Amino acid sequence: MKTIAAWLSAIIILVFGAGLVLVIREFRALGSLSFTKSVEVTTPGQDRGYYYRFKASLAYKGEPLDFDIVVGCNVRITTYKDNDRTVEIGLIPTIYGLKMKDGHGIVVRPPQACNGETTENGKVPKTLLPLIATFESADQPWSGVAYASDDAYDSPLSELKFFGATISKATREEWQEWRQNEAPKNFVTYALLGINAKNHWDAPYWKPGYRVMATDCLAGSRVKIPDSLRDMINGFWPADRPTYWYPGGDAGRELWRTAYHPKKPPLFEGNRFKDYLDNGWRNGLSRRAPGAVIFFRNSVSGEVYPARTDHSINKLGDDPDLPTEMTAKRKPSWSDIEIKPELRGFAFCEGTAVTIWRTPFQNIRYANRVNGEEINEQQAIWGTNFFYAFERDEYVIFARQYGLADSFAAL
């Protein structure tokens with residue numbers, strides 16, 4: 001995340017890139033004393049936690065696979081001994097994974113529903129789609145595939161079938177019971193994520209051969225430009241007519257003026273331009289049709305296609321030099337979207353959303369690509385930092401980034 005902070009440095013503000021802004025959990029050092037091991041404490045009248053039960057029904061290679069997770073928001077936990085302090089965790093667990101019989105790992109990031117949203121009260125859509133990813137090895141989850149839209153489950157490449165998800169209220173007692181009986185089944189560990197369990201602020205330093213779980217998943221969504229805007233877009237298309245190109249400032253302002261502000265803006269495949277940007281994936285994934293995301297009810301996905309990245313420490317070897325497949329390019333790829341029908345709906349998880357210091361990637365110029373072709377930067381204002389790019393004058397391509405965890409993820 002930083003990854004697509006890396007992904008596209010500004011895809012904090014979004015696109016090929018990375019960062020989407022990570023939700024930094026609220027840690028508060030409130031003091032404590034004792035000499036015992038780590039324990040969880042509820043002080044009467046001081047537990048501000050909220051709890052809910054998230055359920056998702058799936059099948060993995062034809063076998064039933066059900067997630068039943070009790071999630072805590074703002075949970076008050078007191079830790080003694082080596083880490084003397086009390087903290088309030090934003091969401092716990094942030095990520096939960098089960099190891100399959102074949103050694104593969106299936107991971108889910110529970111949608112955030114900390115303000116009383118439930119399926120029963122209608123604040124959780126019946127079409128809720130959680131962020132789920134598969135890893136070929138649960139023991140070495142260095143790369144994975146995320147199911148980033150409903151199209152992925154219909155793909156002939158899909159190992160999963162999705163039958164629905166619900167959220168209901170829960171109690172602290174239910175959460176504590178789940179923590180005791182089910183949480184230990186989570187194959188995801190702080191060590192795998194690259195997080196210091198005792199101090200999340202203390203990020204690890206990169207060293208040759210270091211590997212962490214791939215929690216940064218990249219994609220792009222391709223949406224047809226309405227005929228009413230084709231002439232306007234065409235007017236900004238660079239003279240050498242590149243297939244993929246960034247809009248300049250004038251093109252961006254004009255598109256914003258015509259597609260974003262009017263009371264009756266032109267529709268991109270039936271939806272407003274802004275609804276492709278309101279990607280609230282922490283509240284569930286957007287689908288091809290609106291109404292699937294908690295709170296962000298207008299959010300839509302478009303046709304999502306996965307993207308690969310060279311900005312992954314898991315692609316580095318046992319020496320500090322970049323592999324030849326990266327150095328052979330004029331510029332390595334922040335994001336290289338693969339627009340292929342069979343890949344529609346997926347995202348590739350190759351980078352890490354967790355902070356790792358002193359990686360060899362500093363001071364390297366990167367490019368974003370589509371099907372291996374570099375996006376033309378002739379009009380780019382901030383280099384490769386952007387919200388979207390164009391394919392000729394026919395399509396707009398929005399960047400997508402999905403974080404399975406972040407530097408402050410709780411397990």
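## The second largest pocket

Strand 13 contributes four residues to the lining of the second largest pocket, the largest share of that lining. The model described here is predicted. Within it, strand 6 (131–135), strand 7 (144–147) and strand 13 (346–351) each provide at least two of the lining residues.

The second largest pocket holds about 390 Å³ of space. It is lined by 20 residues, of which Thr 134, Glu 136, Gly 144, Val 145 and Glu 159 are the closest to its centre. By character, the lining of this pocket comprises ten nonpolar, six polar and four charged residues.

## The chain as a whole

The protein chain contains seven helices and 17 strands. Of its 411 residues, 57% are buried. Among contacts in the chain with a separation of 6 or more, 75% are accounted for by residues 24 or more positions apart.

## Helices 5 and 6

Which residues of helix 5 are buried? In helix 5, spanning residues 227–234, they are Leu 229, Met 232 and Ile 233. Viewed down the helix axis, these buried residues fall within an arc of 95°, and they therefore line one face of helix 5. An α-helix has 3.6 residues a turn, so residues three or four places apart point the same way. Asp 227 and Asp 231 are exposed on the other side of helix 5.

The packing partners of the buried residues of helix 5 are strand 10 (244–245), helix 6 (249–259) and strand 16 (388–391). Helix 6 has its own set of buried residues: Gly 249, Ala 251, Gly 252, Leu 255, Thr 258 and Ala 259. The elements that cover them include helix 5 and strand 16. Strand 16 thus appears both among the partners of the buried residues of helix 5 and in the cover of those of helix 6.

## Helix 3

Helix 3 covers residues 172–181, and its buried residues are Arg 172, Trp 175 and Trp 178. Seen along the axis, the buried residues of helix 3 lie within an arc of 120°, so they line one face of the helix. On the other side of helix 3, the exposed residues include Glu 173 and Gln 180.

## The surroundings of Thr 309

Thr 309 is located in the loop between strand 11 (303–308) and helix 7 (324–327). Is this loop residue buried or exposed? Thr 309 counts as buried because its relative accessibility is 5%, against a cut-off of under 20%.

The side chain of Thr 309 reaches the backbone nitrogen of His 311 at 3.0 Å. When neighbours within four places in sequence are left aside, the residues in contact with Thr 309 are Leu 218, Lys 315, Ser 333, Trp 334, Glu 350 and Gly 351.

## Loops on either side of strand 16

Phe 387 belongs to the loop between strand 15 (373–374) and strand 16. With a relative accessible area of 31%, Phe 387 is partly exposed. Phe 387 is ten residues from Ile 397 in sequence, and the C-alpha atoms of the two are 8.9 Å apart.

Arg 392 occupies the loop between strand 16 and strand 17 (395–403). Phi of Arg 392 is positive, near 50°, in a residue other than glycine. Arg 392 is partly exposed, at 26% relative accessibility.

## Further backbone features

Arg 358 also has a positive phi, about 60°, although it is not a glycine. The position of Arg 358 is in the loop between strand 13 and strand 14 (367–370). What is the relative accessible area of Arg 358? The value is 61%, so Arg 358 is exposed, the term being reserved for values over 50%.

A cis peptide bond runs from Ile 92 to Pro 93, with omega near 5°. Pro 93 lies in the loop between strand 3 (85–92) and strand 4 (96–99).

Note on methods
Residues numbered from 1 in each chain as written. Predicted model: local features only at pLDDT ≥ 70, side-chain atom pairs only at ≥ 80, totals over all residues. Heavy atoms only, no water. Buried < 20%, exposed > 50% of the residue type's maximum accessible area, 1.4 Å probe, protein only. Arc of directions from axis to C-beta. Contact = heavy atoms within 4.5 Å. Polar contact = N/O pair within 3.5 Å; in protein donor to acceptor, adjacent residues only side chain to side chain. 1 Å grid on protein atoms, 1.4 Å probe; cavity = no way out; pocket = protein on both sides within 12 Å on 5 of 7 lines; lining within 4 Å. Points joined across faces, edges and corners; volume = space filled by probe spheres on them. Nonpolar A, V, L, I, M, F, W, Y, C, P; charged D, E, K, R; others polar.
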